[in-house]
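Trainee: Could you take a close look at one part of this model for me? Start there, then place it in its surroundings. Please give the cut-offs as you go.

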Amino acid sequence: MPAKLYIFAIGGTGSRVLKSLTMLMAAGVEMSQVSEIVPIIIDPHKDNIDVQRTETLISKYKQIRSSIKTELVKGDFFSTPIRTLEDIVKKSDGIGTTPALTLKDSDKTFEDYIDFGGLDEKNKAFASLLFSKENLSTEMDIGFVGNPNIGSVVLNQFAESEEFQNFASNFTPNDRVFIISSIFGGTGAAGFPLILKNIRGAETEKVQNPENLKNAKIGALTVMPYFGIKPVQDKKVIDKATFISKTKAALQYYSRGVNKKLNRLYYIGDEVNQDYDFDPGKDGQKNNAHFIELASALAIVDYANTEDIDLECVDGKPVIPVFKEFGIRENEETIGLKGLSISTQNILSLPLSQFMLFSLYLDKRLNEVIGSNVPWVSENPAIDRSFARGNFIEINLKEFNQQFKDWLNEMTDNRRSFKAFNSEINEDLSNLIIGYSPKRGFLGKTKVDFKTLDEANNDVINGHNYANAIDKFIKVMSAGTGKMLSDKFPDLFQNAKKK
Amino acid sequence: MEDTLFDFYSLFINESLVEDLYAETLLTPLTTSTIVVTLLCTVTFYYIINSIRFGQLKHWLIMMAIGAFLTFSIVFLSCYNMVQQEIPRNEANIKKGIADYRFDQGSSVFFTYGLTMFFLAMILFVVFSLLIKHWSTNSRKTPF
């Protein structure tokens with residue numbers, strides 16, 4: 001039975017985690033208990049570049065996925081489909097074509113939004129107790145600027161939104177929900193409990209299928225501080241000194257009203273972090289990708305691989321709520337695949353290395369091999385010049401690939417740094433995966449280059465027919481990269497099996 | 001077999017040499033070694049080397065040349081070796097003091113025979129290639 005995983009990605013962190021998840025899905029990371037992903041981005045910050053980058057990435061992913069006509073199998077690149085809410089509902093009036101939810105009146109100041117001027121004196125006084133002058137004058141099109149008290153008011157419109165109504169009416173008992181939010185900012189901290197409340201507390205008069213929602217399998221990720229903000233003189237802006245206190249306060253609140261409603265709750269954070277420039281928002285918030293976001297995406301992978309029986313709910317209450325944290329093997333400033341725990345290596349090392357190989361092949365080998373007599377390329381359906389110059393490669397795959405490389409580079413440059421691969425690679429792939437050397441052959445060190453990958457591809461193509469060049473390219477590269485890595489870098493697998 | 005080969009080689013090899021080869025029943029072993037050497041070279045190219053690094057037309061031509069050269073060497077050296085053995089063609093002539101030995105045609109005839117076998121080996125290499133290349137993982141598109 002197909003099961004959709006609805007992911008509510010709230011705020012900038014939500015979008016960035018969703019981006020990391022999209023990368024993992026492109027790499028073919030297994031999500032065994034769900035058949036497709038439906039992301040819903042909630043962020044009032046219209047110019048948020050992080051959101052825009054994620055939307056573009058998802059759009060590319062969907063285009064690539066829709067170009068593939070053959071059924072993809074577990075482990076293939078892009079094997080798990082991503083669909084937006086618009087793709088699922090037949091009647092899409094009022095739903096945007098992107099995964100981002102449209103918040104009404106988010107271009108107003110908060111003061112105008114609550115019609116502060118129209119309040120009577122008592123209510124004004126009460127509102128002034130809850131919201132500072134800075135809160136009231138906040139222009140919400142740049143987000144809630146670290147103020148969850150604003151977010152908790154504005155995001156209440158979520159329950160009435162067309163998106164939520166359509167989500168509710170299409171939600172089946174097989175489906176799952178996952179909510180990504182940061183706990184130390186404004187949008188995520190406010191949005192997470194609110195979305196949870198609207199799902200678990202679904203009422204007949206408000207939504208269709210309230211029983212399905214009440215007993216929905218819900219997982220959530222709450223991201224604790226993992227970056228700071230550089231102080232800005234004379235400006236009352238987001239202050240990183242408040243991150244920990246905000247986190248403590250929110251965790252206390254979650255322990256009372258949130259945790260018990262969740263089947264799975266994942267906590268993540270890092271003390272080793274970097275201060276970003278303060279971005280007031282109008283120029284667009286653009287934070288470099290961070291390892292914590294990748295690790296956060298692994299929480300979603302873990303949730304998507306959890307069997308239904310472990311996520312049961314009775315009368316709107318999870319039978320066995322489980323709380324998880326993420327850990328690494330060594331507390332180093334820079335970590336690679338070997339710095340990850342064995343279970344994380346099991347999930348991540350192979351697919352990520354496969355996609356890295358695929359990415360390099362696209363950049364450095366594809367044009368060279370076209371027109372040669374390499375069987376997997378020259379046999380029909382041929383990977384020829386017109387294929388390489390077509391939209392699939394030039395517009396979709398190469399642009400996706402660029403984002404993948406940027407994502408890896410940004411994680412490398414961030415703090416804590418995640419550097420899994422040597423980016424300065426030309427022909428010789430022996431040193432591609434940091435910490436791993438190719439298996440030694442009978443005569444010593446074996447050569448590992450793109451021709452080795454071509455040979456693996458030739459091997460996997462045997463006995464298979466492909467509908468078209470696109471299907472062939474994706475399926476052969478998925479299987480070929482896996483074969484080459486298992487042949488030449490068996491440590492990638494063996495390490496993962498050691499306990 | 002030897003008769004069939006005699007008829008075949010008589011078409012394009014010095015008749016006297018073919019007769020001597022026939023008399024010493026060398027046509028079958030030399031032909032067999034030509035086939036075996038060529039087949040080994042073809043199998044080596046398609047199944048043992050079986051590599052993209054060594055799978056282009058030039059590499060296929062190199063393997064073909066190796067097979068043909070080995071065949072040439074075997075044939076030429078076999079004939080030369082037979083010269084050393086001084087096998088009488090006609091005992092009566094020998095008794096008369098006439099040097100009538102087998103394989104007395106001279107190096108140029110052996111060379112021509114070797115060259116003929118060289119080209120035959122090349123043809124065989126092409127035939128074997130066409131027959132077995134389809135099951136090679138990396139070289140099945142070589143030479144075409």
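Mentor: What follows starts with one helix and works outwards.

First, the ground rules. This is a predicted model, in which local features need pLDDT of at least 70, side-chain atom pairs count only at pLDDT 80 or more, and totals for chains, interfaces and linings use all residues. Residues are numbered from 1 along each chain as its sequence is written, while chains are lettered from A and ligands numbered from 1 in the order in which they are written.

The part is α9(A). It has 14 residues. From first C-alpha to last it reaches 20 Å, close to the 20 Å expected at 1.5 Å a residue. That expected span is 1.5 Å times one less than the number of residues. The helix label comes from DSSP: runs of H or I with at least four residues are helices, runs of E with at least two are strands, and both are numbered from the N terminus.

Is α9(A) buried or exposed? Of its 14 residues, 13 are buried, so α9(A) is largely enclosed by the rest of the structure. Buried means 20 or more other C-beta atoms within 10 Å of the residue's own; 12 or fewer is exposed, and in between is partly exposed, with C-beta atoms placed from the backbone.

Take I199(A) in this helix, which covers residues 187–200. I199(A) has 27 other C-beta atoms within 10 Å and is buried. Setting aside neighbours within four places in sequence, its contacts are V177(A), L213(A), A216(A) and I218(A). A contact means C-beta atoms, placed from the backbone, within 7 Å. F421(A) is elsewhere: 222 residues apart from I199(A) in sequence and 41 Å apart in space, C-alpha to C-alpha.

Now a loop residue that touches this region. K261(A) sits in the loop between α11 (241–257) and β6 (264–268) of chain A. K261(A) is buried, with 21 other C-beta atoms within 10 Å. Beyond neighbours within four places in sequence, K261(A) is in contact with L196(A) and R200(A). K261(A) and K197(A) are 64 residues apart in sequence, but 8.7 Å apart in space, C-alpha to C-alpha.

Step back to the chain. Chain A has 20 helices and 14 strands. Buried residues are 46% of its 499. Of the contacts in chain A with a separation of 6 or more, 78% join residues 24 or more positions apart.

Chain A divides into domain 1 (4–106 + 143–326) and domain 2 (342–497). Those bounds come from an automatic or database domain assignment. Where they meet, 30 residues of domain 1 are in contact with 32 residues of domain 2. On the domain 1 side, α1 (11–26), α2 (49–67) and α12 (291–304) each supply at least two residues. α2(A) gives the most, with six. That side has 16 nonpolar, nine polar and five charged residues. Ala, Val, Leu, Ile, Met, Phe, Trp, Tyr, Cys and Pro count as nonpolar, Asp, Glu, Lys and Arg as charged, and the others, Gly among them, as polar.

Set α13(A), residues 342–364, beside α9(A). α13(A) has 23 residues and reaches 32 Å from first C-alpha to last, close to the 33 Å expected at 1.5 Å a residue. At L348(A), shortly before the proline P351(A), there is a kink of about 35 degrees. The bend is the angle between axes fitted to the seven residues ending at a residue and the seven starting there. Of the 23 residues, 17 are buried, so α13(A) is largely enclosed by the rest of the structure.

One backbone detail remains in chain A. The peptide bond from N380(A) to P381(A) is cis, with omega near -5 degrees. P381(A) lies in the loop between α15 and α16 (385–388).

Last, the partner. Chain B has six helices and zero strands. Its C-alpha trace spans about 65 × 25 × 20 Å along the principal axes. Of its 144 residues, 31% count as buried. The contact between the chains takes 10 residues from chain A and nine from chain B. On the chain A side, α15 (375–378) and α18 (450–461) give two or more residues each. α18(A) gives the most, with five. That side divides into two nonpolar, four polar and four charged residues.

Conventions
Two residues are in contact if their C-beta atoms, placed from the backbone, lie within 7 Å.
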